[in-house]
Amino acid sequence: MNVRDMDRARQMCQDGSAVPILKTTYTTQNNLQMGSLYDKRNQFRRTRSLNAPSPFQQFGPCGRIMKNSAMVMQIQDPASQRLTWYKPPLTVLVIKKKDSQVLLPFVQLVEWLVQEKNMVVWVESAVLEDKLLRDDVRLEEESAKFRLVHEYYTGVRSRFLALREKLVTFKDGRDDLTDRIDFIVCLGGDGTLLYASQLFQQSVPPVMAFYLGSLGFLTPFQCDNFQEQVTNVLEGHAALTLRSRLRCSIHRKGERRRESLQQSSNLLKPFSQRQSHYGELGNPKASNNNCSPSSAQAAPGYSSILVLNEVVINRGPSPYLSNIDIFLDGKYITSVQGDGLIVSTPTGSTAYAAAAGASMIHPSVPAILVTPICPHSLSFRPIVVPAGVELKISISPDSRNTSRVSFDGRNDQELNHGDFLRVTTSIYPVPSICAQDQISDWFDSLAEGLHWNVRKRQKCLDELSDLTASGSEDTLDEFENLKIHDA
(Lines give C-alpha, C1' and ligand atoms only; values in the text may rest on other atoms or scores of the structure.)
Protein backbone atom coordinates (compact mmCIF):
# COMPACT_ATOMS: atom_id res chain seq x y z
CA MET A 1 0.00 0.00 0.00
CA ASN A 2 1.58 3.26 -1.12
CA VAL A 3 1.07 6.77 0.24
CA ARG A 4 -1.67 7.57 -2.27
CA ASP A 5 -3.66 4.49 -1.31
CA MET A 6 -3.31 5.28 2.38
CA ASP A 7 -4.50 8.86 1.85
CA ARG A 8 -7.46 7.58 -0.14
CA ALA A 9 -8.36 5.09 2.59
CA ARG A 10 -8.11 7.80 5.24
CA GLN A 11 -10.35 10.07 3.18
CA MET A 12 -12.92 7.26 2.86
CA CYS A 13 -12.86 6.79 6.63
CA GLN A 14 -13.48 10.51 7.16
CA ASP A 15 -16.34 10.48 4.63
CA GLY A 16 -18.00 7.59 6.44
CA SER A 17 -17.69 5.15 3.57
CA ALA A 18 -16.44 1.63 3.98
CA VAL A 19 -12.77 0.83 3.67
CA PRO A 20 -12.12 -1.89 1.09
CA ILE A 21 -10.75 -5.13 2.50
CA LEU A 22 -7.95 -6.89 0.69
CA LYS A 23 -9.13 -10.36 -0.29
CA THR A 24 -6.73 -13.13 -1.19
CA THR A 25 -6.98 -16.88 -1.35
CA TYR A 26 -4.77 -19.74 -0.27
CA THR A 27 -2.58 -21.13 -3.02
CA THR A 28 0.23 -23.61 -2.96
CA GLN A 29 2.21 -21.47 -5.38
CA ASN A 30 2.27 -18.50 -2.99
CA ASN A 31 3.53 -20.66 -0.15
CA LEU A 32 6.28 -22.12 -2.32
CA GLN A 33 7.37 -18.63 -3.32
CA MET A 34 7.45 -17.54 0.30
CA GLY A 35 9.44 -20.67 1.17
CA SER A 36 12.04 -19.97 -1.50
CA LEU A 37 12.26 -16.36 -0.36
CA TYR A 38 12.80 -17.52 3.21
CA ASP A 39 15.56 -19.90 2.16
CA LYS A 40 17.41 -17.03 0.51
CA ARG A 41 17.43 -15.09 3.78
CA ASN A 42 19.57 -17.27 5.99
CA GLN A 43 20.14 -14.38 8.36
CA PHE A 44 16.44 -14.30 9.29
CA ARG A 45 15.75 -17.30 11.50
CA ARG A 46 12.35 -16.30 12.76
CA THR A 47 9.25 -16.90 10.69
CA ARG A 48 6.84 -13.99 10.52
CA SER A 49 3.23 -14.98 10.98
CA LEU A 50 1.16 -15.43 7.84
CA ASN A 51 -2.16 -15.58 9.67
CA ALA A 52 -2.55 -12.06 11.02
CA PRO A 53 -4.75 -9.18 9.82
CA SER A 54 -2.84 -6.57 7.85
CA PRO A 55 -2.65 -3.41 9.99
CA PHE A 56 -3.28 0.05 8.63
CA GLN A 57 0.16 1.55 8.12
CA GLN A 58 -0.65 5.17 8.98
CA PHE A 59 -1.41 6.38 12.50
CA GLY A 60 -2.99 9.82 12.56
CA PRO A 61 -1.87 12.67 10.30
CA CYS A 62 1.87 12.19 10.91
CA GLY A 63 2.65 8.73 12.27
CA ARG A 64 3.48 5.86 9.94
CA ILE A 65 4.98 2.44 10.41
CA MET A 66 8.62 2.11 9.50
CA LYS A 67 9.16 0.21 6.28
CA ASN A 68 10.99 -3.09 6.66
CA SER A 69 11.64 -5.57 3.87
CA ALA A 70 11.28 -8.50 6.27
CA MET A 71 7.71 -7.62 7.27
CA VAL A 72 4.72 -9.50 5.89
CA MET A 73 1.89 -7.02 5.36
CA GLN A 74 -0.38 -8.67 2.75
CA ILE A 75 -2.58 -10.74 5.05
CA GLN A 76 -6.34 -10.41 4.71
CA ASP A 77 -9.37 -10.68 6.94
CA PRO A 78 -9.68 -14.40 7.89
CA ALA A 79 -13.35 -14.37 6.85
CA SER A 80 -12.26 -13.69 3.27
CA GLN A 81 -10.11 -16.82 3.04
CA ARG A 82 -11.84 -18.81 0.32
CA LEU A 83 -10.58 -21.79 -1.63
CA THR A 84 -9.83 -21.42 -5.32
CA TRP A 85 -8.24 -23.71 -7.90
CA TYR A 86 -5.92 -22.42 -10.61
CA LYS A 87 -6.59 -25.65 -12.45
CA PRO A 88 -8.94 -28.60 -11.79
CA PRO A 89 -7.55 -30.95 -9.12
CA LEU A 90 -6.63 -34.35 -10.50
CA THR A 91 -5.01 -36.27 -7.64
CA VAL A 92 -6.61 -36.86 -4.24
CA LEU A 93 -5.11 -38.48 -1.16
CA VAL A 94 -7.60 -40.45 0.96
CA ILE A 95 -6.53 -41.08 4.56
CA LYS A 96 -8.60 -43.38 6.74
CA LYS A 97 -8.31 -44.48 10.34
CA LYS A 98 -7.69 -48.12 11.23
CA ASP A 99 -11.25 -49.09 12.04
CA SER A 100 -13.57 -51.61 10.40
CA GLN A 101 -16.48 -49.16 10.59
CA VAL A 102 -14.67 -46.83 8.18
CA LEU A 103 -14.33 -49.46 5.43
CA LEU A 104 -17.75 -48.92 3.84
CA PRO A 105 -17.50 -45.08 3.64
CA PHE A 106 -13.91 -45.44 2.43
CA VAL A 107 -14.81 -47.80 -0.42
CA GLN A 108 -17.85 -45.70 -1.38
CA LEU A 109 -15.73 -42.52 -1.52
CA VAL A 110 -12.88 -44.10 -3.49
CA GLU A 111 -15.31 -45.73 -5.92
CA TRP A 112 -17.08 -42.42 -6.50
CA LEU A 113 -13.84 -40.45 -6.97
CA VAL A 114 -12.48 -42.94 -9.50
CA GLN A 115 -15.62 -43.67 -11.50
CA GLU A 116 -17.58 -40.42 -11.30
CA LYS A 117 -14.85 -37.78 -10.94
CA ASN A 118 -12.08 -39.57 -12.89
CA MET A 119 -9.50 -38.63 -10.26
CA VAL A 120 -6.26 -40.39 -9.37
CA VAL A 121 -6.65 -41.70 -5.82
CA TRP A 122 -3.65 -42.15 -3.53
CA VAL A 123 -3.83 -44.35 -0.43
CA GLU A 124 -1.31 -45.60 2.06
CA SER A 125 0.22 -48.97 1.18
CA ALA A 126 -0.94 -50.34 4.54
CA VAL A 127 -4.54 -50.06 3.29
CA LEU A 128 -3.89 -52.76 0.71
CA GLU A 129 -2.57 -55.01 3.47
CA ASP A 130 -5.77 -54.74 5.50
CA LYS A 131 -7.00 -58.29 6.05
CA LEU A 132 -10.62 -57.23 5.78
CA LEU A 133 -9.97 -55.95 2.25
CA ARG A 134 -8.10 -59.05 1.04
CA ASP A 135 -9.50 -62.35 -0.18
CA ASP A 136 -6.28 -64.38 0.23
CA VAL A 137 -6.35 -64.48 4.03
CA ARG A 138 -6.11 -67.89 5.70
CA LEU A 139 -9.27 -67.81 7.72
CA GLU A 140 -8.51 -71.09 9.44
CA GLU A 141 -5.63 -69.36 11.25
CA GLU A 142 -7.78 -66.46 12.44
CA SER A 143 -10.18 -66.24 15.37
CA ALA A 144 -13.88 -66.93 15.11
CA LYS A 145 -14.69 -63.27 15.66
CA PHE A 146 -12.43 -62.20 12.79
CA ARG A 147 -13.98 -64.78 10.46
CA LEU A 148 -17.40 -63.39 11.29
CA VAL A 149 -16.32 -59.81 10.57
CA HIS A 150 -14.51 -60.91 7.39
CA GLU A 151 -17.68 -62.52 6.12
CA TYR A 152 -19.73 -59.45 7.02
CA TYR A 153 -17.60 -57.25 4.73
CA THR A 154 -17.73 -59.57 1.73
CA GLY A 155 -19.63 -57.07 -0.44
CA VAL A 156 -17.38 -54.18 0.54
CA ARG A 157 -14.28 -56.26 -0.16
CA SER A 158 -15.45 -57.26 -3.64
CA ARG A 159 -16.07 -53.60 -4.54
CA PHE A 160 -12.64 -52.61 -3.29
CA LEU A 161 -10.83 -55.40 -5.15
CA ALA A 162 -12.37 -54.13 -8.39
CA LEU A 163 -10.70 -50.76 -7.77
CA ARG A 164 -7.43 -51.94 -6.28
CA GLU A 165 -5.41 -51.81 -9.51
CA LYS A 166 -6.42 -48.19 -10.11
CA LEU A 167 -5.09 -46.90 -6.80
CA VAL A 168 -1.66 -45.34 -6.26
CA THR A 169 0.08 -46.21 -2.99
CA PHE A 170 2.83 -44.66 -0.88
CA LYS A 171 4.74 -45.56 2.27
CA ASP A 172 5.03 -43.19 5.19
CA GLY A 173 8.62 -42.07 5.80
CA ARG A 174 9.85 -43.40 2.47
CA ASP A 175 7.92 -41.66 -0.34
CA ASP A 176 7.84 -37.90 -0.74
CA LEU A 177 4.38 -36.53 -1.59
CA THR A 178 5.46 -32.94 -2.20
CA ASP A 179 3.76 -31.45 -5.30
CA ARG A 180 2.04 -34.76 -6.05
CA ILE A 181 -1.27 -34.31 -4.26
CA ASP A 182 -3.92 -31.70 -5.12
CA PHE A 183 -6.53 -32.52 -2.51
CA ILE A 184 -6.75 -34.50 0.76
CA VAL A 185 -9.77 -36.28 2.24
CA CYS A 186 -9.58 -37.62 5.81
CA LEU A 187 -11.97 -40.28 7.10
CA GLY A 188 -11.80 -40.73 10.85
CA GLY A 189 -11.03 -38.59 13.87
CA ASP A 190 -8.68 -35.75 14.65
CA GLY A 191 -5.70 -38.09 14.36
CA THR A 192 -6.18 -38.37 10.60
CA LEU A 193 -5.73 -34.62 10.21
CA LEU A 194 -2.60 -34.73 12.38
CA TYR A 195 -1.28 -37.57 10.21
CA ALA A 196 -1.93 -35.54 7.05
CA SER A 197 0.01 -32.64 8.58
CA GLN A 198 2.91 -34.96 9.33
CA LEU A 199 3.03 -36.25 5.74
CA PHE A 200 3.49 -32.77 4.29
CA GLN A 201 6.35 -30.94 5.95
CA GLN A 202 6.10 -28.05 3.52
CA SER A 203 3.09 -26.82 1.53
CA VAL A 204 -0.07 -28.76 2.40
CA PRO A 205 -2.95 -29.33 -0.05
CA PRO A 206 -6.47 -28.39 1.11
CA VAL A 207 -7.77 -30.91 3.64
CA MET A 208 -11.40 -32.03 3.90
CA ALA A 209 -12.02 -34.02 7.11
CA PHE A 210 -15.07 -36.26 7.66
CA TYR A 211 -16.22 -37.18 11.15
CA LEU A 212 -15.90 -40.93 11.74
CA GLY A 213 -14.10 -40.90 15.07
CA SER A 214 -14.86 -40.43 18.75
CA LEU A 215 -14.36 -36.67 19.28
CA GLY A 216 -14.35 -35.03 15.85
CA PHE A 217 -13.20 -31.58 16.95
CA LEU A 218 -11.28 -31.02 13.69
CA THR A 219 -13.60 -33.00 11.41
CA PRO A 220 -16.68 -30.88 10.57
CA PHE A 221 -18.10 -32.91 7.65
CA GLN A 222 -20.58 -35.80 7.80
CA CYS A 223 -20.49 -38.76 5.39
CA ASP A 224 -24.23 -38.85 4.73
CA ASN A 225 -24.08 -36.77 1.53
CA PHE A 226 -20.36 -36.75 0.77
CA GLN A 227 -20.97 -36.56 -2.99
CA GLU A 228 -22.55 -33.12 -2.78
CA GLN A 229 -20.04 -31.81 -0.26
CA VAL A 230 -16.96 -32.99 -2.17
CA THR A 231 -18.39 -31.64 -5.42
CA ASN A 232 -18.81 -28.20 -3.86
CA VAL A 233 -15.19 -28.24 -2.71
CA LEU A 234 -13.90 -29.38 -6.10
CA GLU A 235 -15.83 -26.54 -7.70
CA GLY A 236 -14.18 -24.04 -5.33
CA HIS A 237 -17.18 -23.26 -3.12
CA ALA A 238 -15.64 -23.55 0.34
CA ALA A 239 -14.20 -21.49 3.16
CA LEU A 240 -10.77 -22.18 4.61
CA THR A 241 -9.27 -22.11 8.07
CA LEU A 242 -5.51 -21.70 7.87
CA ARG A 243 -4.29 -23.67 10.87
CA SER A 244 -0.79 -22.49 11.73
CA ARG A 245 1.92 -24.99 12.58
CA LEU A 246 5.05 -24.84 14.70
CA ARG A 247 8.51 -25.42 13.25
CA CYS A 248 10.62 -27.26 15.84
CA SER A 249 14.27 -28.24 15.75
CA ILE A 250 16.52 -29.89 18.32
CA HIS A 251 20.10 -28.70 18.64
CA ARG A 252 22.46 -31.12 20.33
CA LYS A 253 25.36 -29.98 22.48
CA GLY A 254 27.96 -32.08 20.70
CA GLU A 255 26.83 -31.09 17.22
CA ARG A 256 26.93 -27.31 17.66
CA ARG A 257 30.72 -27.22 17.75
CA ARG A 258 30.87 -29.22 14.52
CA GLU A 259 28.31 -26.87 12.96
CA SER A 260 30.30 -23.76 13.95
CA LEU A 261 33.48 -25.24 12.49
CA GLN A 262 31.71 -26.05 9.23
CA GLN A 263 30.24 -22.56 9.05
CA SER A 264 33.62 -20.91 9.66
CA SER A 265 35.27 -23.01 6.95
CA ASN A 266 32.35 -22.32 4.64
CA LEU A 267 32.93 -18.57 4.85
CA LEU A 268 35.95 -19.01 2.60
CA LYS A 269 33.68 -20.13 -0.27
CA PRO A 270 31.84 -17.76 -2.63
CA PHE A 271 28.44 -16.56 -1.50
CA SER A 272 26.55 -18.58 -4.14
CA GLN A 273 28.19 -21.81 -2.95
CA ARG A 274 27.42 -20.97 0.66
CA GLN A 275 23.78 -20.47 -0.28
CA SER A 276 23.58 -23.88 -1.94
CA HIS A 277 25.11 -25.73 1.00
CA TYR A 278 23.05 -24.26 3.80
CA GLY A 279 19.44 -24.91 4.59
CA GLU A 280 16.80 -23.40 6.81
CA LEU A 281 18.67 -23.60 10.11
CA GLY A 282 22.23 -23.43 8.89
CA ASN A 283 22.34 -27.19 8.31
CA PRO A 284 24.90 -28.10 5.65
CA LYS A 285 23.05 -31.34 4.98
CA ALA A 286 19.63 -29.75 4.39
CA SER A 287 20.39 -27.99 1.12
CA ASN A 288 16.85 -28.09 -0.30
CA ASN A 289 14.94 -27.59 2.96
CA ASN A 290 12.97 -30.77 2.26
CA CYS A 291 11.95 -31.77 5.77
CA SER A 292 10.20 -35.07 5.19
CA PRO A 293 9.38 -37.23 8.20
CA SER A 294 12.17 -39.63 7.29
CA SER A 295 14.79 -36.88 7.18
CA ALA A 296 13.55 -35.44 10.47
CA GLN A 297 14.12 -38.80 12.16
CA ALA A 298 17.44 -39.39 10.46
CA ALA A 299 19.00 -36.16 11.70
CA PRO A 300 17.08 -35.00 14.81
CA GLY A 301 19.87 -32.64 15.81
CA TYR A 302 19.48 -30.46 12.72
CA SER A 303 16.30 -31.15 10.78
CA SER A 304 13.08 -29.39 11.66
CA ILE A 305 9.64 -30.93 11.98
CA LEU A 306 6.29 -29.18 11.69
CA VAL A 307 3.58 -29.91 14.24
CA LEU A 308 -0.10 -28.98 14.13
CA ASN A 309 -1.08 -29.40 17.78
CA GLU A 310 1.80 -29.05 20.20
CA VAL A 311 5.34 -29.91 21.22
CA VAL A 312 5.55 -31.30 24.76
CA ILE A 313 8.59 -31.31 27.05
CA ASN A 314 8.10 -33.45 30.18
CA ARG A 315 10.14 -35.17 32.87
CA GLY A 316 9.43 -38.67 31.54
CA PRO A 317 9.85 -41.51 34.07
CA SER A 318 12.06 -39.44 36.38
CA PRO A 319 10.72 -38.79 39.92
CA TYR A 320 12.28 -35.30 40.00
CA LEU A 321 10.68 -32.09 38.82
CA SER A 322 11.54 -30.75 35.40
CA ASN A 323 13.69 -27.63 35.45
CA ILE A 324 13.33 -26.00 32.04
CA ASP A 325 14.55 -22.54 30.95
CA ILE A 326 12.50 -20.53 28.45
CA PHE A 327 13.98 -17.84 26.20
CA LEU A 328 11.93 -15.56 23.94
CA ASP A 329 13.86 -14.10 21.00
CA GLY A 330 17.07 -14.72 22.90
CA LYS A 331 15.91 -13.10 26.16
CA TYR A 332 15.50 -15.22 29.27
CA ILE A 333 11.85 -15.29 30.40
CA THR A 334 11.41 -17.82 33.18
CA SER A 335 12.07 -21.37 34.35
CA VAL A 336 9.50 -24.14 34.58
CA GLN A 337 9.59 -26.26 37.70
CA GLY A 338 6.96 -28.93 37.40
CA ASP A 339 6.02 -31.87 35.21
CA GLY A 340 6.84 -30.12 31.94
CA LEU A 341 5.82 -27.58 29.34
CA ILE A 342 3.38 -27.47 26.39
CA VAL A 343 4.02 -25.17 23.43
CA SER A 344 0.95 -25.33 21.22
CA THR A 345 -0.69 -23.70 18.25
CA PRO A 346 -4.20 -22.21 18.47
CA THR A 347 -5.43 -25.50 16.98
CA GLY A 348 -3.70 -27.39 19.78
CA SER A 349 -5.12 -25.09 22.45
CA THR A 350 -8.22 -27.31 22.62
CA ALA A 351 -6.15 -30.48 23.04
CA TYR A 352 -3.49 -31.15 25.69
CA ALA A 353 -3.22 -27.45 26.58
CA ALA A 354 -6.92 -27.22 27.42
CA ALA A 355 -6.59 -30.25 29.70
CA ALA A 356 -3.71 -28.46 31.46
CA GLY A 357 -5.84 -25.38 32.13
CA ALA A 358 -5.03 -23.12 29.18
CA SER A 359 -7.46 -20.90 27.33
CA MET A 360 -8.98 -22.05 24.05
CA ILE A 361 -7.88 -19.92 21.09
CA HIS A 362 -9.55 -19.72 17.69
CA PRO A 363 -7.27 -21.21 15.01
CA SER A 364 -7.27 -17.95 13.02
CA VAL A 365 -5.61 -16.04 15.87
CA PRO A 366 -1.87 -15.62 15.22
CA ALA A 367 -0.35 -16.81 18.48
CA ILE A 368 1.76 -19.39 20.28
CA LEU A 369 0.43 -20.77 23.56
CA VAL A 370 2.86 -21.64 26.37
CA THR A 371 1.31 -23.81 29.10
CA PRO A 372 3.09 -25.34 32.11
CA ILE A 373 2.19 -28.89 33.13
CA CYS A 374 1.43 -29.06 36.86
CA PRO A 375 3.78 -26.19 37.82
CA HIS A 376 5.03 -26.11 41.41
CA SER A 377 3.88 -22.50 41.69
CA LEU A 378 0.52 -20.93 42.39
CA SER A 379 1.14 -17.94 40.11
CA PHE A 380 2.43 -19.68 36.97
CA ARG A 381 -0.40 -19.23 34.48
CA PRO A 382 -0.45 -20.06 30.74
CA ILE A 383 0.62 -17.22 28.46
CA VAL A 384 0.02 -16.33 24.82
CA VAL A 385 2.88 -14.83 22.78
CA PRO A 386 2.77 -13.40 19.25
CA ALA A 387 3.15 -15.78 16.35
CA GLY A 388 6.54 -15.47 14.68
CA VAL A 389 8.65 -15.10 17.81
CA GLU A 390 11.27 -17.74 18.47
CA LEU A 391 11.15 -19.78 21.65
CA LYS A 392 14.29 -21.44 22.91
CA ILE A 393 13.75 -24.19 25.48
CA SER A 394 16.66 -25.83 27.28
CA ILE A 395 17.36 -27.93 30.35
CA SER A 396 18.55 -25.83 33.26
CA PRO A 397 22.21 -26.47 34.17
CA ASP A 398 21.25 -27.34 37.75
CA SER A 399 18.40 -29.67 36.75
CA ARG A 400 18.50 -33.06 38.44
CA ASN A 401 17.31 -34.97 35.40
CA THR A 402 16.95 -34.80 31.64
CA SER A 403 13.64 -34.31 29.82
CA ARG A 404 11.66 -35.94 27.04
CA VAL A 405 10.22 -34.11 24.03
CA SER A 406 7.51 -35.26 21.61
CA PHE A 407 5.93 -33.66 18.55
CA ASP A 408 2.18 -34.16 18.15
CA GLY A 409 2.58 -37.25 20.30
CA ARG A 410 5.25 -38.75 17.99
CA ASN A 411 9.04 -38.89 17.65
CA ASP A 412 9.69 -39.02 21.38
CA GLN A 413 13.31 -38.02 22.08
CA GLU A 414 15.49 -37.15 25.05
CA LEU A 415 16.79 -33.66 25.81
CA ASN A 416 20.08 -33.78 27.68
CA HIS A 417 21.91 -31.02 29.49
CA GLY A 418 23.26 -28.58 26.92
CA ASP A 419 20.66 -29.46 24.28
CA PHE A 420 17.97 -26.97 23.39
CA LEU A 421 14.80 -26.83 21.34
CA ARG A 422 13.85 -23.99 18.98
CA VAL A 423 10.16 -23.39 18.26
CA THR A 424 8.61 -20.76 15.99
CA THR A 425 5.67 -20.36 13.63
CA SER A 426 5.97 -22.11 10.29
CA ILE A 427 5.19 -20.40 7.00
CA TYR A 428 3.28 -23.52 5.90
CA PRO A 429 -0.18 -23.72 7.52
CA VAL A 430 -2.70 -26.52 7.10
CA PRO A 431 -5.63 -25.28 4.96
CA SER A 432 -8.60 -26.96 6.61
CA ILE A 433 -11.85 -26.76 4.64
CA CYS A 434 -14.86 -25.51 6.60
CA ALA A 435 -18.28 -27.13 6.49
CA GLN A 436 -19.96 -23.74 7.15
CA ASP A 437 -17.47 -21.02 8.03
CA GLN A 438 -14.61 -20.42 10.44
CA ILE A 439 -16.72 -19.17 13.34
CA SER A 440 -19.63 -21.62 13.09
CA ASP A 441 -17.42 -24.70 12.73
CA TRP A 442 -15.29 -23.83 15.75
CA PHE A 443 -18.13 -23.01 18.12
CA ASP A 444 -20.09 -26.07 16.97
CA SER A 445 -17.05 -28.17 17.83
CA LEU A 446 -16.83 -26.53 21.26
CA ALA A 447 -20.50 -27.22 21.94
CA GLU A 448 -20.72 -30.75 20.52
CA GLY A 449 -17.25 -32.07 21.24
CA LEU A 450 -16.36 -30.47 24.56
CA HIS A 451 -19.86 -29.47 25.78
CA TRP A 452 -18.56 -25.97 26.37
CA ASN A 453 -20.71 -23.89 28.78
CA VAL A 454 -23.37 -26.57 29.18
CA ARG A 455 -25.44 -26.19 32.35
CA LYS A 456 -29.03 -26.00 33.49
CA ARG A 457 -30.76 -22.75 32.60
CA GLN A 458 -31.56 -20.32 35.37
CA LYS A 459 -35.28 -19.87 35.88
CA CYS A 460 -36.77 -16.55 34.84
CA LEU A 461 -38.29 -14.09 37.32
CA ASP A 462 -41.92 -14.90 36.36
CA GLU A 463 -41.46 -18.52 37.32
CA LEU A 464 -39.75 -17.53 40.57
CA SER A 465 -42.52 -15.06 41.47
CA ASP A 466 -45.17 -17.71 40.83
CA LEU A 467 -43.36 -20.15 43.07
CA THR A 468 -42.95 -17.51 45.78
CA ALA A 469 -46.58 -16.50 45.60
CA SER A 470 -47.84 -20.08 45.73
CA GLY A 471 -45.54 -20.82 48.63
CA SER A 472 -46.79 -17.81 50.64
CA GLU A 473 -50.43 -18.71 50.06
CA ASP A 474 -49.83 -22.27 51.23
CA THR A 475 -48.19 -20.91 54.37
CA LEU A 476 -51.19 -18.66 55.18
CA ASP A 477 -53.65 -21.51 54.66
CA GLU A 478 -51.67 -23.72 56.97
CA PHE A 479 -51.64 -20.93 59.60
CA GLU A 480 -55.45 -20.50 59.45
CA ASN A 481 -55.96 -24.26 59.72
CA LEU A 482 -53.65 -24.31 62.70
CA LYS A 483 -55.72 -21.56 64.48
CA ILE A 484 -58.98 -23.43 63.85
CA HIS A 485 -57.45 -26.66 65.12
CA ASP A 486 -56.25 -24.94 68.35
CA ALA A 487 -59.66 -23.38 68.95
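**Exercise 1. In this predicted model, classify phenylalanine 106 as buried or exposed, then describe its pairing with phenylalanine 160.**

Solution. Phenylalanine 106 has a relative accessibility of 0%, so it counts as buried. Its partner phenylalanine 160 is buried too, with a relative accessible area of 1%.

The search of the whole structure gives eight aromatic pairs. In the pair of phenylalanine 106 and phenylalanine 160, the ring centres are 6.1 Å apart and the planes stand at 40 degrees, so the pair is tilted. Phenylalanine 106 belongs to helix 3 (residues 103–115) and phenylalanine 160 to helix 6 (residues 154–163), so the pair ties together parts 54 residues apart in sequence.

The rings of tyrosine 152 and tyrosine 153 have centres 5.1 Å apart and planes at 90 degrees; since planes over 60 degrees apart count as edge-to-face, this pair is edge-to-face. Tyrosine 152 is exposed, at 67% relative accessibility, whereas tyrosine 153 is buried, at 10%.

**Exercise 2. Check the length of helix 13 (residues 438–449) and find which of its residues are buried.**

Solution. At 1.5 Å a residue, the 12 residues of helix 13 should span 16 Å; the end C-alpha atoms lie 16 Å apart, which agrees.

The buried residues of helix 13 are Gln438, Asp441, Trp442, Ser445, Leu446 and Gly449. They cover an arc of only 135 degrees around the axis, so they sit on the same side of helix 13. An α-helix has 3.6 residues a turn, so residues three or four places apart point the same way. The buried residues of helix 13 pack against strand 10 (240–243).

Now take the two ends. At the start of helix 13, a side-chain oxygen of aspartate 437 comes within 3.1 Å of the backbone nitrogen of isoleucine 439. After the helix comes histidine 451, with a positive phi near 50 degrees. Trp442 also belongs to a cluster with Phe443 and Trp452, linked by ring pairs.

**Exercise 3. Determine how strand 11 (residues 246–251) is covered and which strands pair with it.**

Solution. Six of the six residues of strand 11 are buried. In a regular strand the side chains alternate between the two faces of the sheet. In strand 11, Leu246, Cys248 and Ile250 point one way and Arg247, Ser249 and His251 the other, and all are buried.

Strand 11 runs antiparallel to strand 22 (residues 420–425), joined by six bridges; arginine 247 has threonine 424 as its bridge partner there. Strand 11 also pairs in the antiparallel sense with strand 12 (residues 304–307), over four bridges, where cysteine 248 is partnered by isoleucine 305.

Technical notes. Residues are numbered from 1 along each chain as its sequence is written. This is a predicted model: local features need pLDDT of at least 70, side-chain atom pairs count only at pLDDT 80 or more; totals for chains, interfaces and linings use all residues. Side-chain values use heavy atoms; hydrogens and water are left out. Helices (H or I, at least four residues) and strands (E, at least two) are DSSP runs, numbered from the N terminus. The expected span of a helix is 1.5 Å times one less than its number of residues. Buried means under 20% relative accessible area, exposed over 50%, partly exposed in between (1.4 Å probe, protein chains only). The arc is that of the directions from the helix axis to the C-beta atoms. Contact means heavy atoms within 4.5 Å. A polar contact is a pair of N or O atoms within 3.5 Å; within protein, one must be able to donate a hydrogen and the other to accept it, and residues adjacent in sequence count only if both atoms are side-chain atoms. Two strands pair if DSSP finds at least two bridges between them. Rings of Phe, Tyr and Trp (its six-membered ring) pair if their centres lie within 6.5 Å; planes under 30 degrees apart count as stacked, over 60 as edge-to-face and the rest as tilted.
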